[in-house]
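Here is a briefing on the fold and its charged contacts. Please keep the model open while reading.

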Amino acid sequence: MKFKFKCLAMVVALTLIAAACGGDDEVEPTATTAAPAITSAPATTAAPQEEPMDEEEPMDDEEPMDDEEPMDDEMDVMIATDIGVDLDAGVITVGMLSDLTGPFGGLVGLVVAGVNAYWADVNEGGGIHGLQVELVYRDTVYSVDNHVQFYEELKDEVVVFGHSTGSPHTVAIREDLEADGILAIPLTWYSGWSDPALNANLLSHGTPYCLEAMNMVSYLHDVLVAQGVDSPTMAVASFPGDYGLDSTEGAKLGAAALGMDVVYDGSGTLIPGQDNAPIGNAIAQSGADIVWVTANAATFTEVYGAAISQGFEALWSGAAPTWSPALVAPDSPIKDAVARDFYGSIYFSPIIENNPGTEFLRELMGKYAPEVPLIDYVVEGFVEAMILHEALNVAYENGDLTQGGVLAAAKSIENIDFRGLAPSESYVGGPNERLQRQIWITRPDPDALAAGTSPTGIRVIERAFTHQIAADYVFEEACYKLS
């Protein structure tokens, strides 16, 4: 499989630091304005050849044609195409708007590694009914302006966008996606994607940040109550924007449903690169029993370190991207404290689990990308690729591989089974029918990380968990509204 890319930074998520981008292998898009063409897809097997007619042979004694005789084996499948599908060349072109070297480059690099391995295997096995899938990458560096620019560059070259990093970034192209009739798969767990007014051209997946937080703070509340804490209290702190604020809104909704006081609210106050230690000090002074932090691992370390330096102890947790194995690495000065205090969550089955999906993933990663560490976000790459695979298959079977045809096919999918990697997804029905509510709950395991038995430094304590508070939540709008 060929991949076109500007710079594909494959980095170890332990550091969450992306490599510098070098070189420029971009291919300029070709504008296509023609109406969809009806063309013949290359057959996966050769059609049988007719015997030449003997012109001297009299026709009178010929057997009459049996109208019931099936002709399918002698006919090419007729497929409609417009942009991003070249049936003569046997190629389906997919756009990837990915933060490869920006603030989430470490995480996205692992997602992309999973995507690439999955499609390498599909292509080796014949692709989509004989058509090879080619991924065209653009490194957005987590810039909204770059995201919009690269969308404009690629929209006349690709049939679908198989990846779109970031909520504000995806929001920035949402109206264009609708106007152009193109599908995209976002890498973001923003609760707004459950709103039909926002997701018309998107295939979201996984439990939103809001529901993740609701689940986790409710779970931790129950843990403390079981330990004899009568009225647990909570502190929250987060990055600004959809990631941080959608998450803290979910934590506060969970607290309200449980009658739990929020004794410190630092929503949106954590700024990477600034001094965040005062927020850790304020959390310690609040005396909270539960602390919910939505950030990255480096910022979490800063806040957590400041708080525990004052002798403060509580149950700590945060949205899944807050966690990094670096927190419990052998040289981490806080690994023992983190192992004592932290509860983690994730939106899919961690890679250490044994199910058909993780076994399939480990096999493919070992074959196509043995140098990539098996960190959990590789799973997300497989989930995204499996969603796109199903959409392209349905579109082909419908005879319509136009941009609009792929979108229509995707929105007709009633069930995608991820072989245990993640809860199944449906793209039909109302938001409360489709809304994912399950998370996996984990605890840090520095010994397993050191021994190499858990590359993400965790162990699972609850699988596909949904607290009653989250189960009863009725979705009406995004927990946090992006402007």
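A salt bridge here is a side-chain nitrogen of Lys or Arg within 4 Å of a carboxyl oxygen of Asp or Glu. This is a predicted model: local features need pLDDT of at least 70, side-chain atom pairs count only at pLDDT 80 or more, and totals for chains, interfaces and linings use all residues. Residues are numbered from 1 along each chain as its sequence is written, and side-chain values use heavy atoms, leaving out hydrogens and water. Helices (H or I, at least four residues) and strands (E, at least two) are DSSP runs, numbered from the N terminus.

**Salt bridges**

- The structure holds 11 salt bridges.
- One of them pairs E124 with K367, with the closest N and O atoms 2.9 Å apart. E124 lies in helix α1 (residues 105-124) and K367 in helix α9 (residues 356-368), so this pair ties together parts that are 243 residues apart in sequence.
- E124 is exposed, at 53% relative accessible area. The classes are buried (under 20% relative accessible area), exposed (over 50%) and partly exposed (in between), using a 1.4 Å probe and protein chains only.
- E152 bridges to K155, and their closest N and O atoms are 3.2 Å apart. E152 is partly exposed at 35%, whereas K155 is buried at 17%.
- A salt-bridge network links E152, K155 and D180.
- K252 and E249 form another salt bridge, with closest N and O atoms 3.3 Å apart. Both sit in helix α5 (residues 241-258), 3 residues apart, or about one helical turn. K252 is partly exposed at 22%, and E249 is partly exposed at 29%.

**Helix α1**

- The end C-alpha atoms of α1 are 28 Å apart, in agreement with the 28 Å expected for 20 residues at 1.5 Å a residue. The expected span is 1.5 Å times one less than the number of residues.
- Burial is extensive in α1: 18 of its 20 residues are buried.
- G126, just after α1, takes a positive phi of about 115°.

**Parallel sheet**

- Four strands form an open sheet in the order β10-β9-β11-β12, with parallel pairing. Two strands pair if DSSP finds at least two bridges between them.
- The edges are β10 (262-266) and β12 (315-317); each has a single partner strand, so one side of each is left without a neighbour in the sheet.
- Neighbouring strands of this sheet are turned by 10° against each other on average, direction ignored. Axes are lines fitted to C-alpha atoms, for helices over the stretch in contact, and angles run from 0 to 180 degrees between N-to-C directions.
- Strand β9 (residues 234-238) runs parallel to β10, joined by 4 bridges. M234 stands opposite V262 in β10.
- Helix α4 (residues 209-226) packs on this sheet, in contact (heavy atoms within 4.5 Å) with β9, β11 (290-294) and β12. The direction of α4 makes about 160° with that of β11.
- Helix α6 (residues 277-286) also packs on the sheet, touching β9, β10, β11 and β12. The direction of α6 makes about 175° with that of β10.

**Antiparallel sheet**

- An open sheet of 3 strands has the order β13-β14-β15, with antiparallel pairing.
- β13 (344-346) and β15 (458-465) stand at its edges with a single partner strand each, so one side of each lacks a neighbour in the sheet.
- On average, neighbouring strands of this sheet are turned by 30° against each other, direction ignored.
- Strand β14 (residues 439-444) is joined to β15 by 5 bridges. I441 has E462 in β15 as its bridge partner.
- α4 packs on this sheet, touching β13, β14 and β15, and its direction makes about 55° with that of β14.
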